[in-house]
Amino acid sequence: MLSPRTRRALTVVHIVAGVAVIGDVWGLALMHMAASASGSLPVGRAAFRFTSLMVSAGGVPLSLISLVTGLVLAILGGWGLRRPWVLLKLCIQLAIIATGALFIGPVLRQAPGAADLTQSHRTLVMLMAVQGSLLLVATVLAVYKPGGRRRPPRTAADPA
């Protein structure tokens with residue numbers, strides 16, 4: 001089990017990483033909507049370059065931090081993996097990472113060479129809407145904890 005101080009510190013890191021990913025996804029989606037509306041190929045290419053940078057420097061590491069801290073909190077923080085909402089949050093985090101790796105990554109690699117970026121912008125906005133929705137569901141699960149809150153661990157002095 002984690003000490004209360006360590007658990008709180010990991011919880012803060014977990015929340016900050018998750019909130020940062022929400023901001024990253026939201027900001028990039030807005031940027032691609034604006035780039036698409038501009039109709040400018042140089043603006044569109046700049047949006048894809050910036051998105052690639054943000055994904056590699058922000059989205060990927062923050063998602064992994066959220067995943068790792070969530071696993072540590074689940075396993076060592078008292079929740080365990082037996083609670084349905086904990087498993088669902090884990091699956092959601094894996095789905096967010098998979099969406100980035102399997103769908104967003106290929107769009108980012110192919111788009112810069114395209115003559116028209118309109119469809120690539122639309123695809124990214126749709127994929128980021130999926131990721132954003134998943135992140136919001138995970139946040140709601142973290143706050144409401146369906147199935148009950150964590151019980152403090154029993155000590156030798158506690159009656160059974």
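**Close-up views of two pockets and helix α2**

**View A. Lining of the second largest pocket.** By class, 11 nonpolar, 4 polar and 1 charged residues line the second largest pocket. The model is predicted. This pocket, the second largest, has a volume of about 250 Å³. Its lining counts 16 residues, and Val 55, Gly 59, Val 60, Gly 100 and Gln 131 are the closest to its centre. Two or more lining residues come from each of α1, α2, α3 and α4.

**View B. The largest pocket.** The largest pocket holds about 690 Å³ of space. It is lined by 31 residues. Nearest its centre lie His 14, Leu 73, Trp 85, Lys 89 and Ala 142. The lining divides into 18 nonpolar, 9 polar and 4 charged residues. At least two lining residues come from each of α1 (4–38), α2 (41–76), α3 (84–110) and α4 (118–144). The largest share, 8 residues, belongs to α1.

**View C. The kink in α2.** Helix α2 kinks by about 45°, centred on Val 55. Val 55 is also among the residues closest to the centre of the second largest pocket. The 36 residues of α2 should span 52 Å, because each residue adds 1.5 Å. The end C-alpha atoms are 50 Å apart, which agrees.

**View D. The buried residues of α2.** Which helices do the buried residues of α2 pack against? They pack against α1, α3 and α4. Among these buried residues are Gly 44, Ala 47, Phe 48 and Thr 51. Others include Gly 58, Gly 59, Ser 63 and Ser 66. Leu 73 is buried too, and this residue is one of those nearest the centre of the largest pocket.

Methods:
Residues numbered from 1 in each chain as written. Predicted model: local features only at pLDDT ≥ 70, side-chain atom pairs only at ≥ 80, totals over all residues. Heavy atoms only, no water. 1 Å grid on protein atoms, 1.4 Å probe; cavity = no way out; pocket = protein on both sides within 12 Å on 5 of 7 lines; lining within 4 Å. Points joined across faces, edges and corners; volume = space filled by probe spheres on them. Helix = DSSP H or I, 4+ residues; strand = E, 2+ residues; numbered from the N terminus. Nonpolar A, V, L, I, M, F, W, Y, C, P; charged D, E, K, R; others polar. Expected span 1.5 Å × (residues − 1). Bend = angle between axes of the 7 residues up to and from the residue. Buried < 20%, exposed > 50% of the residue type's maximum accessible area, 1.4 Å probe, protein only. Contact = heavy atoms within 4.5 Å.
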